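Me: Before looking at particular places, I should like to learn how the descriptive words are chosen. Please explain each word when it is needed.

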Amino acid sequence: MKATVALLALAVGSQALVARTESCCTSITAYGGPGGLVGQLSDGQNRIGDHSLPTGQYCLGADGGFVDGQGRGCIFTPPTTQYQCDTGANATTGFSISCNGTISYHGQDTFWACPTGQNGGYNIYEEPIKNEPGCVAIWLEADSCHAECPAPPPATTPTPTPTPAACPAELTGSWQFPHLIVTVNSAEPDKAYGTQFNGTASGTISTIFNFDIPASYAGKECSIEFLFPTQDQLETSAYTYSPGMFNFAFLKGAATEETTSANAPEVVYNFGNFELKPGTATHIGQCPNGCAAGEKIAFSMSAVGAASLNYFQDYNPCPIGAYVTAQ
Ligand SMILES: *[C@@H]1O[C@H](CO)[C@@H](O)[C@H](O)[C@H]1NC(C)=O
Ligand SMILES: *[C@@H]1O[C@H](CO)[C@@H](O)[C@H](O)[C@H]1NC(C)=O
Ligand SMILES: *[C@@H]1O[C@H](CO)[C@@H](O)[C@H](O)[C@H]1NC(C)=O
């Protein structure tokens, strides 16, 4: 098996020493076949599976050739392509070690191991021996002489396109915005605050919303909705808000600009308390007398406990505030 190459041993030996100063030396582990550390016979044959052999030392030079621990160039010897390290041989070049340690020869990282019939040993080849069914594919890894592989780039999450989320609710079909908004304050029961643009509910301050129900709504059902977009969905409106519950009540009659807490229309139906939150649309309830076609209706909004809300009633681009819808 051993093809003896004994040419110019001394001259090439000094050349090999030069190469070794630029090289990195490693043991090699085989995967596939019997696997394990690549050992070496004293004559320079590389072998796996024979645990009686000392572990080989392989130094990869800048030229891409391995030289063994004794300075022998490692070559694929014809005709079998057995990989062995021969005194005086110029190492076969074209080897590289990837960051994970895998050894490649001209980009090919599969080698072959064929049984020797001695001590369970296998020799290493570039190509399988023809008509030798015992040959198996193997991979060789350098146990050192490679840098850490760079960390994989962080998974690229698709850049979120900042499309504004849908409004909590859109107003479609028949709907009305309040035609009069008045503030009343039970702490100042006789004060008329007059027309407001804001709906306010905080402490003793409540808001009454008037709606003029068109005659065309006759026979329909009218519902009260409270729409509360998030601030980033609003362009022309804004709000100040402390979370909590808000009470809505349907009133006996409509408010006027002179309405005060003391003379406000009385409650005929209490819808109850609702938790109003940014990003929600709240169905307060159906108007208790259906759609009062051609009439004014009114309901009030007041804060429970520490809840508070002061918002600019608007409907563009996301409607905010109290609305009456009909269907
Ligand atoms: C080794 O390489 C040198 C320089 O290329 C060459 O002169 C020498 O003949 C080669 N030796 C063998 C054994 O091929
Ligand atoms: C090591 O790296 C080489 C080249 O990048 C690759 O082909 C091979 O699959 C890797 N091996 C392991 C075990 O990750
Ligand atoms: C109405 O609400 C807006 C937005 O919160 C606020 O800037 C403005 O001061 C309020 N106006 C009144 C009179 O409360």
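Reply: Let us begin with the classes of residue: Ala, Val, Leu, Ile, Met, Phe, Trp, Tyr, Cys and Pro count as nonpolar, Asp, Glu, Lys and Arg as charged, and the others, Gly among them, as polar. The model is predicted, so local features need pLDDT of at least 70 and side-chain atom pairs pLDDT 80 or more, whereas totals for chains, interfaces and linings use all residues. Residues are numbered from 1 along each chain, chains are lettered from A and ligands numbered from 1 in written order, and side-chain values use heavy atoms, without hydrogens or water.

Me: How do the residues that line the second largest pocket divide by class?

Reply: The lining consists of Phe177, Pro178, His179, Leu180, Ile181, Thr195, Gln196, Phe197, Gln313, Asp314 and Tyr315. It divides into 6 nonpolar, 4 polar and 1 charged residues. Asp314 is the charged one, because Asp belongs to the charged class. His179 counts as polar, because His appears in neither the nonpolar nor the charged list.

Me: What makes a space a cavity, and which residues line the largest cavity?

Reply: On a 1 Å grid over the protein atoms alone, a cavity is a set of points where a 1.4 Å probe fits but cannot get out; a pocket is an open set with protein on both sides within 12 Å along at least five of seven lines, and lining residues have an atom within 4 Å of a point. Ile28, Val38, Asn46, Tyr58, Phe66, Phe76, Tyr83, Phe95, Ile103, Phe111, Ile124 and Leu140 line the largest cavity. By class, that lining has 11 nonpolar residues, 1 polar and no charged. Asn46 is the polar one, because Asn is in neither of the other two lists.

Me: How do you know which residues are near ligand 3?

Reply: A residue is near a molecule if one of its heavy atoms lies within 4 Å of it. Around ligand 3 these are Asn198, Ala238, Tyr239, Thr240, Asn310 and Phe312. This shell splits into 3 nonpolar and 3 polar residues, with no charged residue.

Me: What distances separate the side chains of asparagine 198 and asparagine 310 from ligand 3, and why are they polar contacts?

Reply: A polar contact is a pair of N or O atoms within 3.5 Å; within protein, one must be able to donate a hydrogen and the other to accept it, and residues adjacent in sequence count only if both atoms are side-chain atoms. A polar side-chain atom of asparagine 198 is 2.3 Å from an oxygen atom of ligand 3, and for asparagine 310 the distance is 3.0 Å. Both values fall within the limit, so both pairs are polar contacts. The elements giving two or more residues to the shell around ligand 3 are β20 (239-242) and β25 (308-312); each is a strand, because its DSSP run of type E has at least two residues.

Me: Which residues surround ligand 2, and how do they divide by class?

Reply: Ser98, Asn100, Thr102 and Asp109 surround ligand 2. None is nonpolar, 3 are polar and 1 is charged. An oxygen atom of ligand 2 lies 3.4 Å from an N or O atom in the side chain of serine 98, and a polar side-chain atom of asparagine 100 lies 2.4 Å from an oxygen atom of this ligand.

Me: Is glutamine 40 buried or exposed?

Reply: Buried means under 20% relative accessible area, exposed over 50%, and partly exposed in between (1.4 Å probe, protein chains only). Glutamine 40 has 8% relative accessibility and therefore counts as buried. Its place is in strand β4 (residues 39-40). The side chain of glutamine 40 makes a polar contact of 2.9 Å with the side chain of aspartate 68, and one of its polar atoms lies 3.5 Å from the backbone oxygen of glycine 44.

Me: What makes proline 319 buried or exposed?

Reply: Proline 319 has 3% relative accessibility, so it is buried. It is found in the loop between β25 and β26 (321-326).

Me: Are histidine 106 and asparagine 131 buried or exposed?

Reply: Histidine 106 has a relative accessible area of 61% and is therefore exposed; asparagine 131, at 80%, is exposed too. Histidine 106 lies in the loop between β11 (103-105) and β12 (111-115), and asparagine 131 in the loop between β13 (122-125) and β14 (136-142). Neither is glycine, yet phi is positive in both: near 50° for histidine 106 and near 60° for asparagine 131.

Me: Which kind of peptide bond joins proline 78 and proline 79?

Reply: That bond is cis, with omega about 0°. Proline 79 lies in the loop between β8 (73-77) and β9 (82-86).

How values were computed. Helix = DSSP H or I, 4+ residues; strand = E, 2+ residues; numbered from the N terminus.
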